Amino acid sequence: MMTSTPYAMVAQLRFRELPTRLALAAFIGLVAWITAPSIWPLAWFAAVAAGQSLDWVVFRPLRQARDREPSRARKVLCCAASTLNVVIYSSIAAYLWFRGGEPGRVFAMIQVAGGLLHVSLHMHHSRALLLSAVIPHGLYFLGLPVLSAVLFREPVLALIAVGGLMYVAHLVAAVRQSANTTRALREAGSLALAERRKAEVASAAKSDFLAVISHEIRTPMNAVMTAAGLLRRTRLDRAQRDHVDMLIDAGDVLLGLLNDVLDLSKIEAGKMQLETAKLELKSKLAAMVRLWEGRAAANGVRMRLSLAADLPTTVRTDPLRFQQIVFNLLSNAVKFTAQGHIALDAAWVGDRLEIAVTDTGCGIPASRLARVFDGFEQAEAGTTRRFGGTGLGLTISRRLAEMMGGTLTAESVEGEGSTFRFSVPAAAVGEIRPAIAPALQRADAAAAFISEPVGLAGRSILAADDHEVNRKILRLLLEPHGCRLTLVENGADAVDAAAVERFDAILMDMQMPIMDGLEATRRIHGRGANTDTPVIALTANAMDVHRAAWDAAGVYAFLTKPIDAAVLAETLETACAERASTAAVA
């Protein structure tokens, strides 16, 4: 933000008010000619125009370099120009005072008083400029009555000068108050700017902290959740299976909390980026309902999906955020419904999707209904202890809905249930072939676990990760599919391996010693046998800035840790298949 010097501030004000001064001079000249017709009012206006032109030229350098202190010579020139312009501008008062009779004298005093007020309020930023403009006005204002009293021997005219002194005294007080107010406003503005910069630094530090914490938490969670998933596939008795299920559920909760905190941080910092892509609406809604049916059924709650007859099969919106909002609404309904049913109704109204999630749960008291979308708020103080969660899900959902141009509202009756209505603009499109999203939400990940894809047998996969546990996890997850896995510890080793062998796909971590994954990806795609090999980012760096960096490096897909076994295998299978088909065509 540029800080103007006092002289530059006056220069800006005088430049903006130049048309007003000229228009007012034309009016004053017309009044003077009507009051005392002669050539002098016209000559006076010509002199005013010339003086204002000089003023424009003298102050111009100050307008062009507002943050630079003017030289002493420039200050003297500006003061001289101001004095000259005031002498010329108020000289019409002398003409009216001596040639215009009683009406002329009254108008002359009003004109000079207005001039004093004008320069006092607009030139107080610089004392030198203020004095250079006020003194000539004051000489006219007080001198004309005193001079007339002496010349015409009419002492009563001196009373006009006394009134003028009272006016000047009040004007001085007003100007001083205005100057103090302006100074206070400037100081407040400077303080606000400094506080804003401090807040921006703090926000950047918070973002960096969250990025580090996210990475450091996801790395051990990757080992915990993958090991739990592998353990679940082994032969277990009932008690052991219950323990593993409890471990996996706790991991899902931790990951959900981590994602919620990161999302809220991105929204508050204005860094949440929306995308527009095709979404297979009907199949997506059905998949999310199926995902929650098991947990709802365990509570004795039925789930129902109702799709309007005119609902498009495919729409264009932000698939990730749409799915996140609906997922949060279903999660909320299942959490707070102990009996009865949960219904998801989808309708197409104009060019908007209307989603309603209705439950027969505990409901929300009317006194708290308006606060359920506030951050860290839940219906009751004991809700967190009874049901868990941070209370961020609905907050994030509403903010995402508003960012997408939609709305999210709630209706509820305590003891009877609640209805959450999500409305968002979307565009209907034609039928499309199901596609695999590079990064899936928890709903997709859980649904994908039901049926893992096959087709990696014989594929050659290069994986770079500096963490020994992560490399072991990749071996445990991928070798059962029959693929040939080459594991390296850093980006430089990955580049060396890619230079001597052709791979079907490459898995690349982000933060590694010697060479990071981004640089390794660029070098692998730059030359050698794997210039067209799909690289899949597999990283604990899950923020949007990391996704953008990978996109710029040209990766095929972006997957985050903890690793979802099914999503990883499915993404690799698709990448390898596309690579093979491209090679066949070539």
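**Exercise 1.** Does E411 count as buried, partly exposed or exposed, and at what relative accessibility? Classify its salt-bridge partner as well, and locate both residues in the predicted model.

*Solution.*
Step 1. Buried means under 20% relative accessible area and exposed means over 50%, with partly exposed in between.
Step 2. The relative accessibility of E411 is 41%, so E411 counts as partly exposed.
Step 3. The side chain of E411 meets that of R421 in a salt bridge, at 3.0 Å from N to O.
Step 4. E411 belongs to strand 6 (residues 407-413) and R421 to strand 7 (residues 417-425), so the salt bridge ties together parts that are ten residues apart in sequence.
Step 5. R421 has a relative accessible area of 37% and is likewise partly exposed.

**Exercise 2.** Determine which parts of the chain are linked by the salt bridge between D55 and R14, and whether each residue is buried or exposed.

*Solution.*
Step 1. Side chains of opposite charge can pair when their charged atoms come close.
Step 2. For D55 and R14, the N to O distance is 2.9 Å.
Step 3. D55 lies in helix 3 (residues 40-64) and R14 in helix 1 (residues 6-16); the two residues are 41 residues apart, and the pair links distant parts of the chain.
Step 4. D55 is buried, its relative accessible area being 3%.
Step 5. R14, at 10% relative accessibility, also counts as buried.

**Exercise 3.** Carry out the corresponding analysis for D345 and R304.

*Solution.*
Step 1. The closest N and O atoms of this salt bridge are 3.4 Å apart.
Step 2. D345 is in strand 4 (residues 340-349) and R304 in strand 2 (residues 301-307), so the pair links distant parts of the chain, 41 residues apart.
Step 3. D345 counts as partly exposed at 25% relative accessibility, and R304 is partly exposed at 41%.
Step 4. A search of the whole structure finds 14 salt bridges. Elsewhere, D465, D509 and K561 are linked in a network of salt bridges.

**Exercise 4.** Describe the open sheet of three strands and the helices 9 and 10 that pack on it.

*Solution.*
Step 1. The strand order is 1-3-8, with antiparallel pairing.
Step 2. Strand 1 (277-280) and strand 8 (427-429) are the edge strands, each pairing on one side only.
Step 3. The twist from one strand to the next averages 40°.
Step 4. Strand 3 (residues 314-317) pairs with strand 8 over three bridges, and T314 stands opposite V429 in strand 8.
Step 5. Helix 9 (residues 281-298) packs on the sheet, touching strand 1 and strand 3, and its direction makes about 55° with that of strand 1.
Step 6. Helix 10 (residues 319-335) also packs on the sheet and touches strand 1 and strand 3; its direction makes about 40° with that of strand 1.

Notes: Residues numbered from 1 in each chain as written. Predicted model: local features only at pLDDT ≥ 70, side-chain atom pairs only at ≥ 80, totals over all residues. Heavy atoms only, no water. Pairing = 2+ DSSP bridges. Helix = DSSP H or I, 4+ residues; strand = E, 2+ residues; numbered from the N terminus. Axes fitted to C-alpha atoms, helices over the stretch in contact; angles between N-to-C directions. Contact = heavy atoms within 4.5 Å. Salt bridge = Lys/Arg side-chain N within 4 Å of Asp/Glu carboxyl O. Buried < 20%, exposed > 50% of the residue type's maximum accessible area, 1.4 Å probe, protein only.
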